[in-house]
Amino acid sequence: MVHTYQSPVRVYKYPFEIVMAAYEKRFPTCKMIPVFLGSDITHEYKSEDGAEHIVERRCRLNVDAPYLLRKIVGVEHVIFIQKNHLNRRNRTLDITAHNESFASRISIHEHCTYTVHPENSEWTCFEQDASLDIKHFFGFESTVEKIAMKQYTSNIKKGKEVIEFYINELISEGVTYLPPWVGPPEEREENPSQDSGLRSRSDSVGSQHSRHSLVLGATAASILSKSPPKTESETVGEPQVTIKTDMSTDKIDDDYIARFLGHLTMMEESQLVQLRGMLQKTHKGKIPKDAHILRFLKAREFNLEKAREMLVHSLAWRKLHNIDHILEHHEPPEVLEKYYPGGWHYCDKEGRPLYIIKLGQIDVKGLMRSVGEELILRHVLAVNEEGLKRAEEATRKRGYPVSACTCIVDLEGLSMRHLWRPGIRALLRIIETVEANYPETMGRLLIVRAPRVFPVLWTLVSPFIDENTRNKFMIYAGKDYLGPGGLIEFMDKQYIPDFLGGDCYCDVPEGGLVPKSLYQEDLVDKSPEEQPLSYDSLYQTAAVVKEFPHEAMPERGSVVTWDFDILKGDVTFTVFRCRQTRPSAPHHQHHVSGTTTGVGSVQYIDKNMVVGRDLSIVEPPNICRDGDSVQGSHVTSQAGSYILQWKHFESTKPSFDFPLTSHKSKVMYHTELLPSAAFRGSMTSLQSCQSGFSSLSAGTAASGQSIAGSCPSRTLAVPPR
């Protein structure tokens, strides 16, 4: 495998001639680079006018390798051939180097250039690229590769430090100015621009002193003031700050990286420069901002090819859906503005924009049936684009890189009702889209007031969230967010929202139930009787008649969850624990005449079984009315088999022998078993936290009155949507 390295532009705030004098002091040996044992000149050429100087050297480098490996290969040092071509007329130095030792087994090539800064003739730029190809090396290919990469990285880090050391040494010796090369009179007449390099010594000394007073911020500011105009596609991330060395190539320097992108290792800088170069070739210079490119590299752990593939697909997606202009054209409908409980709220302690969403107060069904899944997704994308824009503004104002946002998710009011299957499916689609196109934009996610049902939701969605993103989650149950290590650790006290115990007014919408009058007919599903499986094929349909309740017994595990809709009639829902390990087979299966294939009831509980002896009730009977949608869960803390039972319920009792009702109900249900390993240590909070009815269903809670009176129920009855 061929490894490549490409450096960003490194800027020396000194004239080219001073930098060249410092560079020459590195030879024949350099005390600051211990691996450089020495060099011998094998060829030298100087032009008659002194404008060009070519030197070829044979350099000896120490090998920082294990003793055994050195003995096997039989060398204590390796030889490199270096060729320097100094052109004083153009003020450039071109350096090439390659290995002489083991050339048939290893191929190392390096190319470096020193040039005058294109926007400041008193500064010097340095660029470097290299390649390493290990073909075969006595079976030690992997070891040699690691040694080579380690040493090369170490030498790169030293490079700028060495040049600046010798520049300071020159200054201490009184050398503060060296005149540029001047050609013969006839050449100056042909090229009058050469005279611009002639200055009096006093002027040059004064300007040199001025240059020494410059700091890094001034460097970045000077470069920023001459940024090229934005292209139409440059709408993501921070402003595109570039150094133009010619009309076809835009380059970035290390000072810019430190100011706008943050600290990167030498190899990370190289991957950024290389990916940027690839995009300039394939996308004709219309590329996203450097911070956006860097996010994709981080998401793929700086694997160049994987990051390129991910980013190219994202750019195509942005183009297809016109995402670059979504903030210009997206106007959320009144329903979203009023009932989508999310909004921006100041920033955290690190300057990251802060977004708050009251997830527990969102009416998932209401929003999806009022505006549809597509418009909700587009609204979320607009929020992400707004986050990038705010991060860009924070970077400019604060003087350091801000590339991500912080999000507070308030789960007060969250219940199993929110785990509505179509809503979960829409949520997973949103997560998948955001993960693919906005990687590394989440600085921190603070989940507060997490109720008992949160582990169930977390188990469903966490597999779709990137591991790096999951590691940024902080979860607080109850009022833990108010104590040490809570919100105060991440945001200033003055910005803690009032609804979370702070003093800062927060104008994020409250959410709540979406009125049915706002539902759109084409978004409201047809009668459940007509399309019982319209949302998810995981659901099953069963008929429940008077003498034959329907029962389901999921496989054994840690948490039993259920999600069902009453399609017809009323039922009571109960969860039993059978003390037997598992009934061998259903006790009875009843098929209801006149129903579709597969619709019937199954019983596992024998009529001879007695509650207290053979069975115990773990979830008390709960009345579920026609049209109710019910979700719930139970922690299987005791051994035994768990049975879910739906039993027909009669609202009125006739006073004569034959009934007026059909004694038949119909239920569409899905039950699932979640293993404890999926909860990542959250089982304790699941058992200890008690959540009441959601405020979203307060108006309909009466329809789910429990027969058990004061016994708390973990199911929630809500009206059909």
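## A buried residue with positive phi

In this predicted model, F302 is buried, its relative accessible area being 15%, which places F302 under the 20% cut-off for that class. The residue sits in the loop between α9 (290–299) and α10 (304–320), and its phi is near 60°, a positive value in a residue other than glycine.

E440 also has a positive phi without being glycine, with a value near 55°. This residue belongs to the loop that runs between α15 (421–437) and β14 (442–450), and it counts as buried at 16% relative accessibility.

## A cis peptide bond

The bond that joins F27 to P28 is a cis peptide bond, with omega near 5°. P28 is found in the loop between α1 (16–24) and β3 (36–46).

## Nonpolar cores

In soluble globular proteins, nonpolar side chains tend to be buried together. Here the largest nonpolar core has 49 residues, and those with the most contacts inside it are Y340, L367, I447 and V461. At least two residues of this core come from each of α12 (334–339), β12 (353–357), α13 (364–370), α14 (373–398), β13 (405–410), α15, β14 and α16 (454–461), and the largest share, seven residues, is supplied by α14.

When residues up to four places away in sequence are left out, V461 touches L427, L428 and I431. Apart from this core lies another, of 26 residues, which includes V19, A22, Y166 and L170.

Methods: Residues are numbered from 1 along each chain as its sequence is written. This is a predicted model: local features need pLDDT of at least 70, side-chain atom pairs count only at pLDDT 80 or more; totals for chains, interfaces and linings use all residues. Side-chain values use heavy atoms; hydrogens and water are left out. Helices (H or I, at least four residues) and strands (E, at least two) are DSSP runs, numbered from the N terminus. Buried means under 20% relative accessible area, exposed over 50%, partly exposed in between (1.4 Å probe, protein chains only). A nonpolar core is a set of buried Ala, Val, Leu, Ile, Met, Phe, Trp, Tyr and Cys residues joined through side-chain atoms within 4.5 Å. Contact means heavy atoms within 4.5 Å.
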